[in-house]
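This report covers the overall dimensions, the nonpolar core and some backbone details of the structure shown below.

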Amino acid sequence: MIPLQTSNTLPDWAALAPALLLGLTALALFLVDSIDSDDRSPALLAGLATGGSVLAMAVTGWFLVAGTGMPRTGGELSLFGGQLVVDGMSLFFTFVFTSVAALVSVASYDYLADRPHQAEYYSLLLLATTGMTVMASANSLATAFVALELSSLPSYGLVAYLKDNRGSVEAGMKYFLIGALSSAVLVYGISLVYAATGALQFGGVADAVGGVENTGVLGIGILMVMGGFAFKTASVPFHFWAPEAYEGAPAPISGFLSSASKAAGFVLAFRVFVTAFPLEAVAATIDWALAFTVLALVTMTLGNFAAATQENVKRMLAYSSIGHAGYALIGLAVLTGTADPGYALGASMLHLFVYGFMNTGAFLFVALVEHWGVGRTFEDYNGLGEQAPIASFAMTIFLFSLAGLPIGGGALSKWALLSATASAATFSAWLLAGALIVNSALSLFYYSRVVKAMWIEDATGDFEVTSHPAGLYAAIVVAAVATFLLLPAFGLVSGTAYDAASALF
Amino acid sequence: MLVELLILFALMAAGLVFVVPDEYAGKFAAVLSLVPVGISLWMYSVFEASGNALLADSELAFETMASWITLGPYAVNWHVGLDGVSMPLIVLTTILTTLAIVSAWTPIDERQSQFYGLILFMQAALIGVFAALDFLLWFVFWEGVLVPMYFLIGVWGGPRRKYAAIKFFVYTNVASLVMFAGFFALVFGLGDSITSLGLPEIAQALNAGQLGSVAGFGPGIVKLAAFAALFFGFAVKVPVVPFHTWLPDAHVEAPTPVSVLLAGVLLKMGTYALLRFNFTMLADVARANAELIAIFAVVSVIYGALLALAQKDLKRIVAYSSISSMGYVILGLIAFTPHGLGGATFQMVSHGLISGLMFMAVGVIYNETHTRMIGDMSGMADRMPVTAGVFVAAAFGYMGLPLMSGFAAEVLVFMGSFQSQVYASSWAAPLFTGIAMFGIVIVAGYLLRAMQMTLFGPFRLETDYDVGRAPIQDVAPLFVLLALVIALGVAPDLFYTMIQDAVVDMTALGLGGGA
C-alpha cells in the first residue's frame with residue numbers, strides 16, 4: 001500500500017481513477033449495446049455495470065486506506081489548475097456513491113427482467129454516478145455546476161424509465177421541471193457570486209468574499225446557491241419533487257436517488273460553504289449557519305411528520321429520506337459556536353455513509369416486494385416475515401437502523417450527530433438536538449409500522465412468494481450485513497470521516 | 001475475556017437457534033443456555049473485586065478495555081467489568097433465561113425457533129447492560145433489549161398484543177431518549193475534564209465537582225435537569241408510579257416466559273441504572289431531593305399494592321405487585337445507608353427470583369385451566385397440589401416470610417431506610433419507612449385473597465376438558481426457583497457480602513459532591 005502522492009509512481013490525475021472507471025464503464029455499456037442491441041444479455045449488462053462500480057469502489061477504498069489526498073501524505077491533490085481536488089472528503093463520498101451504485105446494479109438485474117433498453121438504464125446509472133464523484137471533487141463553481149448537471153440529467157431519464165407507467169413518466173417530468181428550475185436558480189446564484197467576487201474557484205471566492213463591497217449581490221447569490229443544493233438534497237423548501245419522484249421511479253432508482261444523489265448534493269454543499277464562503281468572512285453578509293439551522297429544523301420536522309401520515313411504504317420512505325436530509329444538514333448548521341467544526345461535519349458525513357447502505361437496502365426491499373407483485377401499502381406487507389424471512393429480517397435491520405436503534409450503524413451516526421450538535425452548546429444547537437431527539441422518536445413510530453406489518457400482523461392477501469430473485473436478494477443481504485457491521489466497525493470509518501472533515505478547516 | 005465470552009456465546013446461540021427446525025428449538029435453546037449459566041456460576045465462584053465500578057480505587061473483575069470509536073473530543077471504548085452489583089444480576093439473568101426457556105416449552109407452539117432465538121439475543125443484551133462501563137456501549141445494549149422484547153410481546157402475546165407491544169416500545173424508547181439527552185447535558189457540562197464516555201471517568205469527574213455550565217445555565221441547574229431527565233428515563237423502566245402504565249399491558253399480554261424475564265430482569269435494568277447514574281454519579285442531587293424521591297418510592301409501594309388488590313386477573317395481580325416491590329428498591333437506594341443500598345440491590349435479585357416464580361406458577365395454572373380470572377376458578381389445590389404448593393410458597397416469599405429471600409431483602413431495606421440520615425427532618429425516615437412497611441400488609445391481603453379464591457375451597461371451574469396436574473417440565477423450573485429463593489433467604493451472604501462491598505463506598509460520598 002504505497003501512498004499515491006509521495007511515491008510519484010503514478011501521475012496525479014490517477015487519483016481520479018474512480019470517476020474515470022465509472023465513465024468508461026458507462027461508455028463500454030453503450031458499446032456493448034450498439035454491437036448487440038436487442039437486450040438478450042441482461043446478465044452481461046448488469047455484470048458489467050456492477051463490475052465497473054465495484055472496481056471503482058475498490059480503488060476508492062485503496063486510496064482511502066493509502067491516505068491519498070489526506071494531510072498525512074501531503075494534503076489534497078489539486079488537478080487541472082485547481083478545478084478539481086481529490087482529498088479525504090471526495091474519496092469518502094465516492095465510496096458511498098460507488099457502493100450504492102454497485103448495490104443498485106446488482107438488484108436491477110432482477111428488477112429489469114424482460115424490460116427493454118437495459119443497456120441505456122445501466123449506462124445512465126453509471127453516468128449519474130460519475131457526475132456525483134465529480135461533484136465530490138469539484139473545486140470551482142463552474143465544475144460544480146457541470147458535475148451537478150452530469151448527475152441530474154441521467155437521473156431524470158432513470159426516474160421516467162418505466163415509460164409505460166404513468167406514475168413513472170409523470171415523476172420524471174416533475175423531477176425534470178423542478179430540476180431545470182433549480183439549475184437556473186443555482187447558475188444565477190453562481191453568476192451573482194462571480195459578479196461580486198470575480199472568482200469561480202473556491203479558494204479565489206474565499207479570498208475575495210471578505211472584501212466585497214456589493215454585499216447585497218453576494219448575499220443573494222449565496223442564498224440562490226443554497227437553493228440549488230436544497231433541490232439536490234431534497235431539503236425543504238425544494239423538496240416537493242422528492243416523494244413524487246421516489247414513488248414513481250423504479251424502486252432501485254429511488255434508493256439510488258435518495259441516498260447517493262442526496263449525498264452528492266451534501267458533499268458539494270459542504271465544500272462550497274466551508275471553503276468558498278467561510279463563515280467568518282461572510283458573516284457580515286449572510287449568516288448561512290443560521291439559514292442552515294432553520295433549513296435543518298424545518299426539513300427534519302416536515303419530512304418526519306409527513307412520513308408518519310403515509311399509507312404507502314415507498315412514499316413513507318421518500319418522506320423519511322427528506323427527514324434524513326434534515327439530520328445531515330446539521331453538519332452545516334452547527335458550525336457556529338462549535339470548537340471543533342470537523343466533528344460536526346464528520347458526523348454528517350458518517351450519517352450519509354451509513355444512510356447509503358440502510359436506505360438503499362430499504363428501497364431494494366421495496367423493489368423486491370414490487371417484483372413479487374405485492375402492493376405498496378402497509379397492509380400489503382402483512383405477514384411477509386413468514387413468506388420471506390431472510391429479506392424481512394434484513395428490512396428489519398434497515399428500518400430499525402434508520403430509526404436509530406442499535407441494530408445497525410444508524411444508531412451510532414445519529415449519536416455522532418447528536419453529540420456534535422450538543423457540543424456546539426449554543427441555543428440553536430440545543431434546539432436542533434431537541435428536534436433530532438423528537439424526530440427520532442417519531443420516526444420509530446412509522447418505521448416500526450412496517451416491521452409490525454411484516455412480523456406481527458397476519459397476512460391479509462393470499463399472495464405466495466414463488467420466486468427468489470438472486471440479484472435482489474444478494475444486494476439486500478449485502479446491504480444488511482454492511483448496515484449491521486457498521487455498528488461494531490464504526491470506529492474504522494469514523495476516524496477517516498473526522499480526518500477528512502477536519503482537513504477542510 | 002469471560003464477559004465477552006458470555007455475550008458472544010449468547011449471540012451465537014441465538015443465531016444457531018434461529019436456523020434450527022421448530023420442533024427441536026426449545027430443547028436446543030435450553031441446552032445452549034446452560035453454557036452461560038455455567039460460565040456465570042464459574043465467574044461467581046472465582047469472583048474477586050473490591051469497591052464500586054464507578055468510583056475511584058476499585059478493583060474490578062473480568063475487566064477489559066479496547067478502543068472502539070474515535071470521533072470528536074471523546075473516545076468511546078469497549079469497556080466492561082464487574083463489581084459486586086453487576087455480578088449477582090448477571091447470574092440472575094443467565095439462570096432466569098434458562099428457566100424461562102424451559103417454561104416456554106408448553107405454551108409456545110408456533111414460530112419456536114424465532115422465539116427462542118430472540119430470548120437468547122435478549123440475554124446477550126441484558127448481560128451487556130449489566131457489564132458495560134462505557135456510556136455508548138451501555139446504551140447500545142440498553143436499546144438492544146428493546147428490539148427482541150417488542151417482537152416477543154407482539155408476536156407471541158395475548159389478544160391485545162399489538163397494542164401492548166407498541167405501547168411498551170414507544171414508552172421505553174421515549175424514556176431512553178430523554179435519558180440520553182440528560183446524560184449528554186452532563187457530558188458537555190464536564191467539557192475538557194473528561195476525554196472519554198467511560199462511566200467511571202464521568203462519575204469521578206462529577207463527584208469531584210468539575211461540572212461547568214451548559215448553554216448559559218449554571219452547573220447546579222444542569223445537574224438538576226440531568227438528574228430529572230435520567231430519573232424519568234429510568235423510572236419508566238422500573239416502573240415508578242406514575243410512569244408505570246405500560247407495565248400491566250405488557251405483562252398481561254406477554255406470554256409467561258417473557259413475563260418472567262420482563263419482571264425478573266428487565267425491570268432491574270431501571271433500578272440498576274438508577275443506582276449507577278442517579279445515586280452514584282449524582283449522589284448530591286439525590287440527597288438534596290431525598291424527600292421527593294422517597295415520596296415516589298412510597299407512592300409506588302402503596303399505590304401499586306392497592307392496584308393489585310383491585311385486580312381480578314391473577315397475572316395482573318402479580319404484574320402490579322412488581323410496582324410495589326420495585327418501590328422498595330427505590331426506598332432502599334435513597335436511604336444512602338449501607339443497609340439501604342445493599343438491601344435494595346439484594347431486593348433486585350430477590351424480586352427477580354420471586355416474581356419469576358409467581359409468573360411461572362400463574363403460567364402453569366393458566367396452561368391447565370385456560371383462565372386467569374380468580375372469580376372463575378376455585379379449589380385448584382385439589383387438582384394440581386404441587387403447583388398450588390409452590391404458588392403458596394412463592395406468595396409467602398413475596399409477603400416476606402423469614403428464611404425466604406424476600407424477607408432478607410425487605411428487612412435490610414427497612415433497616416437501612418429507618419436509619420437514613422438524608423432527610424432534612426428527623427421524622428421523615430421513620431415516617432416513610434412506616435408507610436412503606438404498611439405495603440406488606442396490603443401485599444399479604446391481595447395474595448391471601450388470590451390464594452383463597454383460586455386454590456382453596458371446593459373445586460369449581462366450568463370447562464369441558466380435564467384439569468389435572470401439570471407436566472413435570474412445567475413444574476421443574478418452579479422448584480429450581482423456589483430452591484434459589486430459600487437458599488438466598490437462609491444464606492443471604494451468597495450475594496450480600498459482594499453487594500455490600502460495592503455499595504458501601506456510595507455512602508461515603510459527601511453531600512456537596514466532593515469525595
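What share of the contacts in chain A with a separation of 6 or more comes from residues 24 or more positions apart? Such residues account for 80% of those contacts. The model discussed here is a predicted one.

## Chain A

The secondary structure of chain A consists of 21 helices and two strands. Its radius of gyration is 21 Å, close to the 23 Å that the globule rule gives for 505 residues, so chain A is as compact as a globular protein of that length. Along the principal axes, the C-alpha atoms of chain A fill a box of roughly 70 × 55 × 45 Å.

Of the 505 residues in chain A, 66% are buried. The chain exposes about 16000 Å², and 67% of this is supplied by carbon and sulfur atoms. Chain A carries 15 positive and 30 negative charges, and the mean positions of these two sets are 4 Å apart.

## Chain B

Chain B has 20 helices and two strands. A compact globule of 515 residues would have a radius of gyration near 24 Å, and the 22 Å of chain B agrees with this. The box filled by the C-alpha atoms of chain B is roughly 70 × 55 × 40 Å, again taken along the principal axes.

Buried residues make up 66% of the 515 residues of chain B. Among the contacts in chain B with a separation of 6 or more, 79% are due to residues 24 or more positions apart. The exposed area of chain B is about 16100 Å², with 67% from carbon and sulfur atoms. For the charges, the mean position of the 19 positive ones and that of the 30 negative ones are 12 Å apart in chain B.

## Nonpolar core

The largest nonpolar core has 420 residues. The residues with the most contacts inside this core are A:Phe93, A:Phe273, A:Phe277, A:Trp288, B:Phe135 and B:Trp138. Helix α15 of chain A, residues 341-372, provides the largest share of the core, with 21 residues.

Which residues are in contact with A:Trp288, leaving aside its neighbours within four places in sequence? They are A:Met226, A:Phe273, A:Phe277, A:Leu279, A:Val282, A:Leu332 and A:Leu335. Of these contacts, A:Phe273 and A:Phe277 are also listed among the core residues with the most contacts.

## Cis peptide bonds in chain B

B:Val238 and B:Pro239 are joined by a cis peptide bond with omega of about -10 degrees. B:Pro239 is placed in the loop between α8 (219-237) and α9 (246-253) of chain B.

Another cis peptide bond runs from B:Val241 to B:Pro242, with omega near 10 degrees. B:Pro242 also lies in the loop between α8 and α9 of chain B.

## Positive phi in chain B

B:Phe336 is a residue other than glycine with a positive phi, near 55 degrees. Its place is in the loop between α13 (314-335) and α14 (338-369) of chain B. Is B:Phe336 buried or exposed? With a relative accessible area of 6%, B:Phe336 is buried, because the cut-off for buried is under 20%.

B:His370, likewise not a glycine, has a positive phi near 60 degrees. B:His370 is found in the loop between α14 and α15 (380-383) of chain B. The relative accessible area of B:His370 is 52%, so this residue is exposed, the cut-off for exposed being over 50%.

Terms used. Residues numbered from 1 in each chain as written. Chains lettered and ligands numbered in written order. Predicted model: local features only at pLDDT ≥ 70, side-chain atom pairs only at ≥ 80, totals over all residues. Heavy atoms only, no water. Helix = DSSP H or I, 4+ residues; strand = E, 2+ residues; numbered from the N terminus. Rg over C-alpha atoms; globule rule 2.2 N^0.38 Å. Buried < 20%, exposed > 50% of the residue type's maximum accessible area, 1.4 Å probe, protein only. Contact = heavy atoms within 4.5 Å. Areas by Shrake-Rupley, 256 points an atom, 1.4 Å probe, with all protein chains shown as cover. Lys, Arg positive; Asp, Glu negative; His and termini not counted. Charge placed at Lys NZ, Arg CZ, Asp CG, Glu CD. Core = buried A, V, L, I, M, F, W, Y, C linked by side-chain atoms within 4.5 Å.
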